[in-house]
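Biologist: I'd like a close look at one piece of this protein rather than a tour of the whole thing. Pick a single strand and tell me who its neighbours are, how it is connected and how well it is covered.

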Amino acid sequence: IAAGSALDYERLRHLGVPPARLHLTGNLKIDRLLQGRDPEALPNLAARLNLPGPPVFLAASTHPGEEEVVLEAYEQLRAPYPALVLLLAPRHPERAPELARMLQDRALPFHLFSRLKAGRETRGHPVVIIDTIGDLFTLYGLADAAFVGGSLVPHGGQNILEPAAWGRVPLYGPHLHNFRWAYAILEEAGAGIMVHDAPSLYAAVRRLLDDPQTAASLGAQAQAALSRHQGAARRQAEL
């Protein structure tokens, strides 16, 4: 048995798995993240989004109940950062019409990324709904601040290590029971920021935007933490 985390290892040991059959190999997702980056794709995405220039706040893999928190924090952030671009990426892209209505109710002009990507529009509005599949991971490489959803509501989290792979400090809520192994990696490195509501999300993003040096330092710590946990694929192959 190849355990993906120390917590899994201990649970399996307590269940009575013979020690000779139990091995702590680590999680394959870490190898995939670090090897899956494509920096050469960033210029094209930036062009489609009419960047660089304004700072970018990415709210990724959001679930119902989280977008309201993100939008409340974003509206506050626009006071000190009026040009701030919000990339709003729901976990399920088919929720794009629901998010569009939410933005209309708040009088926030927006684009659908599918139209920008196809060259049918040029970004001029402050918000972009990411309604495509396969672009989110690379978009982390354009973000100045990145929140990972599924964590402000009791969903269990999404992969909070994806921004870390790009050298971005991950922001996330407290509901991470499906990603405790990832949280342990970031907590050990002191390279993640937990938020609980709109005020704390505002404060965390504001801190990163106000102090790019701190943001870069924390992002580098997060990326280095991933690097220390590489090798699961090799260890499992050898096993």
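Modeller: Strand β3 (residues 56-62) runs parallel to β4, and six bridges hold the two together. At one spot along that pairing, threonine 62 of β3 faces proline 90 of β4. Before we go on, a word on the source: you're looking at a predicted model, with local features needing pLDDT of at least 70, side-chain atom pairs counted only at pLDDT 80 or more, and totals for chains, interfaces and linings using all residues. Numbering starts from 1 along each chain as its sequence is written, and side-chain values use heavy atoms, with hydrogens and water left out.

As for the vocabulary, helices (H or I, at least four residues) and strands (E, at least two) are DSSP runs numbered from the N terminus, and two strands "pair" if DSSP finds at least two bridges between them.

How does the chain get from β3 over to β4? Helix α4 (residues 67-77) completes the unit: β3, α4 and β4 make a right-handed β-α-β arrangement. Right-handed here means that, with the strands pointing away from you, the path from the first strand over the helix to the second runs clockwise.

Now the other neighbour. β4 (residues 85-90) also runs parallel to β6 (residues 127-129), this time with three bridges. Leucine 87 has valine 128 of β6 as its bridge partner, and leucine 88 is matched with isoleucine 129 of β6.

Zoom out and you can see where that puts our strand. The open sheet has seven strands in parallel pairing, ordered β5-β6-β4-β3-β7-β8-β9. Its edges are β5 (110-112) and β9 (193-194), each pairing on one side only. β4, by contrast, has β6 on one side and β3 on the other.

So much for the edges of the strand; what about its faces? In a regular strand, side chains alternate between the two faces of the sheet. In β4, Val85, Leu87 and Ala89 are on one side, while Leu86, Leu88 and Pro90 are on the other, and both sets are buried. That accounts for the tally of six buried residues out of six. "Buried" means under 20% relative accessible area (exposed is over 50%, partly exposed in between; 1.4 Å probe, protein chains only).
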